[in-house]
Amino acid sequence: MHISEGVLSAPVLVSGAVLAAGGIGMGLKHVDYDRIMSVAILSAAFFVASLVHVPVGVSSAHLILNGLLGVVLGWAAFPSIFVALLLQAVLFQYGGLTVLGLNTFNMAAPAVLCFYLFRPMLRRGNGSRFAGAFCVGFLAVLMSTVLTSGALALSGDEFLPAAKALFLVHLPVMAIEGVVTGFVYSFLSRVKPEILKGVAA
């Protein structure tokens, strides 16, 4: 769901960069020494998942995992996603440096918002915990798709077809991400709850 260089208007790019910088600053305040490894591992998972593209109709889609980063890292999802997108832009030319801020905000902001919306469910028993994590995974992708489609639409009417196609292609991804996030979060809460300490557990 990367937006490439040269597509968006300057006001959209600047707004995205400013919002991302604020989110990264907040995220760095929430990264203490004990959580650096978790941030790095999930940044690597986000990096790899975004590289595996699956054909869907005339387009393709890939896992995003931003909801998973949200439930495990909270605000720290911002710097984690930023690093992964920066490496993808530099190493593979996915996205780009001028759109890095907007791409970061579009992926990280929904993850953090959904995490705080469903945090009460994440703290309850196993059933509610899975349901809460599923909702975070599903809605984080949904909101990221809406934000990305909105950024394209704001940059010109010629991008409206691409914005609609982007949304439709990611409908199955939302369901898959919900299930993946639900299972991974439930598993971590049973076998490695200290990873979630200070965030949701």
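Partly exposed residues lie between the two cut-offs: buried means under 20% relative accessible area, and exposed means over 50%. The model used in these exercises is predicted.

**Exercise 1. Charged side chains**

Find how many salt bridges the whole structure holds. Then classify Lys 192 as buried, partly exposed or exposed.

Solution.
- Step 1. A search of the whole structure gives one salt bridge.
- Step 2. The partners are Glu 194 and Lys 192, whose side chains meet at 3.4 Å, N to O. The cut-off for such a contact is within 4 Å.
- Step 3. Lys 192 has 38% relative accessibility, so this residue counts as partly exposed.
- Step 4. Glu 194 has a relative accessible area of 47%, so it too is partly exposed.

**Exercise 2. A ring pair across two helices**

Decide whether the pair of Phe 47 and Phe 92 is stacked, tilted or edge-to-face. Which helices hold the two residues?

Solution.
- Step 1. The count of aromatic pairs comes to six.
- Step 2. In the pair of Phe 47 and Phe 92, the ring centres are 5.9 Å apart and the planes stand at 45°, so the pair is tilted. Stacked would need under 30 degrees, and edge-to-face over 60.
- Step 3. Phe 47 sits in helix 2 (residues 36–49) and Phe 92 in helix 4 (residues 77–92). The pair therefore ties together parts that are 45 residues apart in sequence.
- Step 4. Phe 47 is buried at 16% relative accessibility, whereas Phe 92 is partly exposed at 38%.
- Step 5. Phe 47 and Phe 92 form one aromatic cluster with Tyr 94.

**Exercise 3. A second ring pair**

Classify the geometry of Trp 75 and Phe 78. Is Phe 78 buried or exposed?

Solution.
- Step 1. Trp 75 and Phe 78 have 5.8 Å centre to centre and 20° between the planes, and the pair is stacked.
- Step 2. Phe 78 has a relative accessible area of 3%, so this residue is buried.
- Step 3. Trp 75 reaches 23% and is partly exposed.

**Exercise 4. The nonpolar cores**

How many residues does the largest nonpolar core have? Which helix gives the largest share?

Solution.
- Step 1. The largest nonpolar core has 41 residues. Among those with the most contacts inside it are Phe 46, Leu 69, Phe 78 and Ile 81.
- Step 2. Elements giving two or more residues to this core include helix 1 (10–29), helix 3 (66–73), helix 6 (126–154) and helix 8 (171–191).
- Step 3. Helix 5 supplies the largest share, 10 residues.
- Step 4. A second, separate core has 11 residues, including Ala 151, Phe 159, Ala 163 and Leu 166.

Note on methods:
Residues are numbered from 1 along each chain as its sequence is written. This is a predicted model: local features need pLDDT of at least 70, side-chain atom pairs count only at pLDDT 80 or more; totals for chains, interfaces and linings use all residues. Side-chain values use heavy atoms; hydrogens and water are left out. Rings of Phe, Tyr and Trp (its six-membered ring) pair if their centres lie within 6.5 Å; planes under 30 degrees apart count as stacked, over 60 as edge-to-face and the rest as tilted. Helices (H or I, at least four residues) and strands (E, at least two) are DSSP runs, numbered from the N terminus. Buried means under 20% relative accessible area, exposed over 50%, partly exposed in between (1.4 Å probe, protein chains only). A nonpolar core is a set of buried Ala, Val, Leu, Ile, Met, Phe, Trp, Tyr and Cys residues joined through side-chain atoms within 4.5 Å.
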